[in-house]
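Open the model in your viewer and keep the selection tool at hand. The stops below each give a selection and then say what is there.

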Amino acid sequence: MTLIAVVEIEHPDLALGPTIRNLPEASIQVVPNSGTDPDTGMFFFMVEHEDDDFEAVEASFDRDPTVEEWTRIADDATTHIYRLQHTSDTKLLTPQATKVGGFTLEAKSTSHGWRIRLQLPDREAISDLWDYCREEDISFELTQMYQQEGISLDGKPLTEPQRTTLLTAYERGYFDEPRGTSHKEIAELLGISPTAVGGRIRRGTARLIEMVLAEDIEGK
C-alpha cells in the first residue's frame, strides 16, 4: 500500500506564484523531468492560455521574481513548454517531499497557488511537510488522502479499466432506480465478461468510498 496526498499550497514566493496570480486565464502544469541530477535547478512547465496569448505569459516570466531565466523548448497553437530556472529565494515543496521519502506525481496551478498530488511513505511525512510549510508561512491545505494498492506513477485511485467501467455503468443508468442496464449489457459494450464488470464496479466503488469518506469514518 502507498499513501497518496493531494495538497493545495499558496505563498507569494512559490514557483511562478506572481505569474499564476497575474494570469488567471493561464493553466500551468509541471512536466515530470526524467533527469536525475538534483543540482541542475531546472524545471519544466507546460502552459495553456485561454486566449493563446503566450506573449503575455513570457512577459510575465520576465517580471516574475521567482524566475531566474527561462527558455521555450516546445510549442504548438494552444500549448507551450518552458524550461525555467528559479531564483534562490523561490519556495519549493518538491525538495521537501523528497527529503521525507516521497515524490510529486502531479502539480497544477490553481487561482493563487498549486495543487499537488504526492506519493508519501506514511502520515508522518505529511505532518513533516505541514511543519515545513508552517515554518515558511506557506498556506497548506490537505484536500485528499487515501491509500492505494500497488504502485502507480500517477497516483490516481482507480485503474483505467475500473474508471471506464464505472463511467459506462453510470452513463447507461446502472446506478438509477430502477436500474437502467445490467452487468451483461455493460460487458457486451466493453468486450469483457459480466463477472469482470461486477468486480470492476465493486472494487472501483470501494476505492472511491475509501478516498472520499474514509477520513469521515475514521473520525467517528
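Begin by selecting Arg117, which lies in strand β7. The model is a predicted one. Is Arg117 buried or exposed? Its relative accessibility is 14%, and buried means under 20%, so Arg117 counts as buried. Now add Glu106 to the selection: the side chains of Arg117 and Glu106 make a polar contact at 2.4 Å.

Next, show the whole of β7, residues 114-120, together with strand β1. The two strands pair in the antiparallel sense, over 7 bridges. To look at one bridge, select Val7 and its partner in β7, Ile116. Then colour β1, residues 2-10, by burial: 7 of its 9 residues are buried, so the strand is largely enclosed by the rest of the structure.

Follow the chain into the loop between β1 and α1 (17-22), where Leu16 has its place. Leu16 is not a glycine, yet its phi is positive, at about 60°. With a relative accessibility of 0%, Leu16 counts as buried.

A second stop of this kind is Asp52, in the loop between β3 and α2 (54-63). Its phi is also positive, near 55°, and Asp52 is a residue other than glycine. Asp52 is partly exposed, with a relative accessible area of 38%.

Move to strand β3, residues 42-49, and pick out Phe43. Phe43 counts as partly exposed, at 27% relative accessibility. Select Arg83 as well: Phe43 and Arg83 are 40 residues apart along the chain, but their C-alpha atoms are separated by 5.6 Å.

Now select helix α4, residues 123-135. How far apart are its end C-alpha atoms? They are 19 Å apart; 13 residues at 1.5 Å a residue should span 18 Å, which agrees. Turn the model to look down the axis of α4. The buried residues of α4 fall within an arc of 120°, so they line one face of the helix. These are Ala125, Ile126, Leu129, Tyr132 and Cys133. On the other side of α4, select Glu124, Arg134 and Glu135, which are exposed.

Look at the two ends of α4 as well. At its start, a side-chain oxygen of Asp122 comes to within 3.2 Å of the backbone nitrogen of Glu124. Just after the helix, Asp137 takes a positive phi of about 60°.

The next selections concern aromatic rings. A pair of aromatic rings is described by the distance of the centres and the angle of the planes. The model has 5 aromatic pairs. Take Tyr174 and Phe175: their ring centres are 5.1 Å apart and their planes are at 90°, so this pair is edge-to-face. Tyr174 is buried, with a relative accessible area of 8%, whereas Phe175 counts as partly exposed at 44%. Keep Tyr174 in view and add Arg179, whose charged end sits over the Tyr174 ring, 4.0 Å from its centre. For a further set of rings, select Phe61, Trp70 and Tyr82, which form one aromatic cluster.

The last stop is Pro178, in the loop between α5 (160-171) and α6 (183-190). Which kind of peptide bond joins Glu177 and Pro178? The bond is cis, with omega at about 5°.

Terms used:
Residues numbered from 1 in each chain as written. Predicted model: local features only at pLDDT ≥ 70, side-chain atom pairs only at ≥ 80, totals over all residues. Heavy atoms only, no water. Phe/Tyr/Trp six-rings, centres within 6.5 Å; stacked < 30°, edge-to-face > 60°. Buried < 20%, exposed > 50% of the residue type's maximum accessible area, 1.4 Å probe, protein only. Lys NZ or Arg CZ within 6 Å of the ring centre and 35° of its normal. Helix = DSSP H or I, 4+ residues; strand = E, 2+ residues; numbered from the N terminus. Pairing = 2+ DSSP bridges. Expected span 1.5 Å × (residues − 1). Arc of directions from axis to C-beta. Polar contact = N/O pair within 3.5 Å; in protein donor to acceptor, adjacent residues only side chain to side chain.
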